[in-house]
Amino acid sequence: MLDVGSIRRDFPILQRKMDGKRIVYLDSTATTQKPESVINAIAEFYRNYNANVHRSVYKLGWEATDCYEQARKNVADFIGVKSEEIVFTRNTTESLNLLSYSLEGKLKKGDRILISSMEHHSNILPWMRLEERGINLDYINLTPEGFLDIEDFKSKIKKETKIISITHQSNVLGTINDIDTLSKIAKENDSIFIVDGAQSIPHMPFKMINGIDYMAFSGHKMLGPLGIGVLYGKYENLSELPPFQRGGEMIKEVDFHKVEFEDPPIKFEAGTPNVEGAVGLSAAIDYLKKIGMENVRSHEKYLTRKALDSLSTLKNIQIYGPRDTEKRGGVISFNIRSEAIKRKIASGNIHLDGLLHSHDVASHLDESNVFVRSGHHCAQPLMKYLNIKGTARASFYIYNDIDDIEALVSGLEGIDVQ
Amino acid sequence: MYNDEIMDRYQNPYYFGKPERYSIVIDEASTSCGDKIILYIQEENGVIKQIKFEGDGCIISMVSTDLFCEKATGRNIEEIMRIDESDYVKNFPVEITPGRLNCALLPIRAFRRGVGRANIPGNLK
């Protein structure tokens, strides 16, 4: 069991009172709060080490470069890969856009890209842009419980399927996809296999497996600062990819009409990088390592089980996603049904779903300082697949405890009235 | 959830329904939250003789649309086009937090865009 009381003391924002009451932060799937050690690491960088990296010959410049490259090594070690396989980006979205642009040259008209119906927009839109170039985008269906339909997955892999890009954990359903199995199936077809790890790397132990060609995740969802993301790529893959953006830092030599690019990962980091972000992310990893990712995962399983059990006692709740906490993470999407909304509508294009709007649910919880996300969670195709407009969503991390779950449930009891 | 005035209006809106006669239809969706409203306006010489709506959305957007219809009935289109958004929000019967501004302003913005598209007298193009 985690000592949540002591963990909470490491997070200055969680000491804050609003209207005299504690805040119940249940939106770590969107972004996590930051421990003092991360905040201090960033301040420490600016206080003592700030200079531009990589091209300085003076001492302070080496030290700044060292901070940046040590951070890269820490990220690499955390997921079991080599430093030169870690590209720093702004976030998961940028990592996946990098892949979309840099892999484009490998694709020809008629090729296919396979993603799933549970993807975040960041793992949809970078691939959808290639449809304009005659590439076909296919979506894997889900089972009624919210798992990927493996038979559908297999049936949608064609010989033209050059890229398969799947989320490791859904940011809406919480479903944890079996990346090992999926990667094996992808590799039987020689497809490039990409994993969106934005919701998995922060929450569970993970070591890179051979079947994954690229993996993307964000620092701010794992206690790190905003604006720092990661793209992992196998070194041989990164070596042969063209750069995404061009400019400062990323070259060996530039002539008037000719350029020789740096080796990976610098080739993909045009311009002065976000050094404070990398340093902050590295401090976040140190913090997570101290707690232990096994402990992070078991704490979230415990909270998710408790939350699912308590929420299920509400009369009008509709919960989405798998119930087995072994196969899902600490994010619970739900709606509240409401019989009050019955209207006769003449227009055929208005669809009444009989659910309280998730924004109303979130606003209601906000009044008691319970902060949950509401809306489509950047997964509109999934909302369409589920035939809903949105959901309210509570998500957990190391600083949440049973009191937070109780506050959520008691807040919802106030509107679970029919 | 909200006060009785809001909840009553949400459950029994005064201006809900599709009228038999109307000269302008404005069909607007707030795609980011799935809200949808259709405004049916009977306009004569720049005056809103009648305005009703159909829609589905959050409590704030539906109540706001009902209140907007009440406010707009019998008024000049030009006048309604000029409604100040911050005044509208300030006078709303429940506090509108920053995260809910778009919900409250849905009918005004729909009206402006729709009337802007329609070729009618009083149009402030």
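When I speak of a contact this morning, I mean two residues with heavy atoms within 4.5 Å of each other. With that in hand, we can turn to chain A, where, among contacts between residues at least 6 apart in sequence, 69% join residues at least 24 apart. Please keep in mind throughout that what you have in front of you is a predicted model, and that the values I quote are computed from it.

Let me stay with chain A and describe its overall build. The chain contains 13 helices and 17 strands. Its radius of gyration is 22 Å, close to the 22 Å that the globule rule gives for 418 residues, so chain A is as compact as a globular protein of that length. If you follow the C-alpha trace along its principal axes, the spans are about 70 × 55 × 35 Å. Of the 418 residues in this chain, 58% are buried, and the accessible surface comes to about 17400 Å², with 50% of that belonging to carbon and sulfur atoms. As for charge, chain A carries 52 positive and 57 negative charges, and the mean positions of these two sets lie 3 Å apart.

Chain B can be described in the same order. Here we find five helices and three strands, and, reading along the sequence, they follow the pattern α-β-β-β-α-α-α-α. For 125 residues a compact globule would have a radius of gyration near 14 Å, and the 14 Å of chain B agrees with that. The C-alpha trace of chain B spans about 40 × 30 × 25 Å along its principal axes. Buried residues account for 54% of the 125 in chain B, while the surface that the chain exposes is about 5800 Å², with carbon and sulfur atoms supplying 43%. Among the contacts in chain B between residues at least 6 apart in sequence, 59% join residues at least 24 apart. The 16 positive and 19 negative charges of chain B have mean positions that are 5 Å apart.

Now to the salt bridges, which I would like to take one pair at a time. How many salt bridges does a search of the whole structure find over all chains? The search finds 36, and I will show you three of them, beginning in chain A.

In the pair I have chosen to start with, the side chains of A:R22 and A:D401 meet in a salt bridge, at 3.8 Å from N to O. A:R22 lies in strand β2, residues 21–22, whereas A:D401 sits in the loop between β17 (391–395) and α13 (402–413), so this pair ties together parts of chain A that are 379 residues apart in sequence. Are these two residues buried or exposed, or something in between? A:R22 has a relative accessible area of 28% and is partly exposed, whereas A:D401, with 16%, is buried; the reasoning here is simply that buried means under 20% relative accessible area. This pair also belongs to a wider arrangement, in that A:R8, A:R22, A:D401 and A:D404 are linked in a network of salt bridges.

Next, still in chain A, A:D138 forms a salt bridge with A:R112, and their closest N and O atoms are 2.7 Å apart. Since A:D138 lies in strand β6, residues 136–140, and A:R112 in strand β5, residues 112–116, the pair ties together parts that are 26 residues apart in sequence. A:D138 counts as buried, at 13% relative accessibility, and A:R112 counts as partly exposed, at 22%.

The remaining pair is in chain B, where B:E70 forms a salt bridge with B:R9, the closest N and O atoms being 2.6 Å apart. This pair links distant parts of the chain, with B:E70 in helix α2 (residues 59–72) and B:R9 in helix α1 (residues 4–11), 61 residues apart. B:E70 is partly exposed, with a relative accessible area of 36%, while B:R9, at 9%, is buried.

Before I stop, I would like to point out one more position in chain A. A:A43 is found in helix α2, residues 36–49, and this alanine is partly exposed, with a relative accessible area of 23%. Where does A:A43 stand with respect to A:S282, in sequence and in space? The two are 239 residues apart in sequence and, from C-alpha to C-alpha, 14 Å apart in space.

Notes: Residues numbered from 1 in each chain as written. Chains lettered and ligands numbered in written order. Predicted model: local features only at pLDDT ≥ 70, side-chain atom pairs only at ≥ 80, totals over all residues. Heavy atoms only, no water. Helix = DSSP H or I, 4+ residues; strand = E, 2+ residues; numbered from the N terminus. Rg over C-alpha atoms; globule rule 2.2 N^0.38 Å. Buried < 20%, exposed > 50% of the residue type's maximum accessible area, 1.4 Å probe, protein only. Areas by Shrake-Rupley, 256 points an atom, 1.4 Å probe, with all protein chains shown as cover. Lys, Arg positive; Asp, Glu negative; His and termini not counted. Charge placed at Lys NZ, Arg CZ, Asp CG, Glu CD. Salt bridge = Lys/Arg side-chain N within 4 Å of Asp/Glu carboxyl O.
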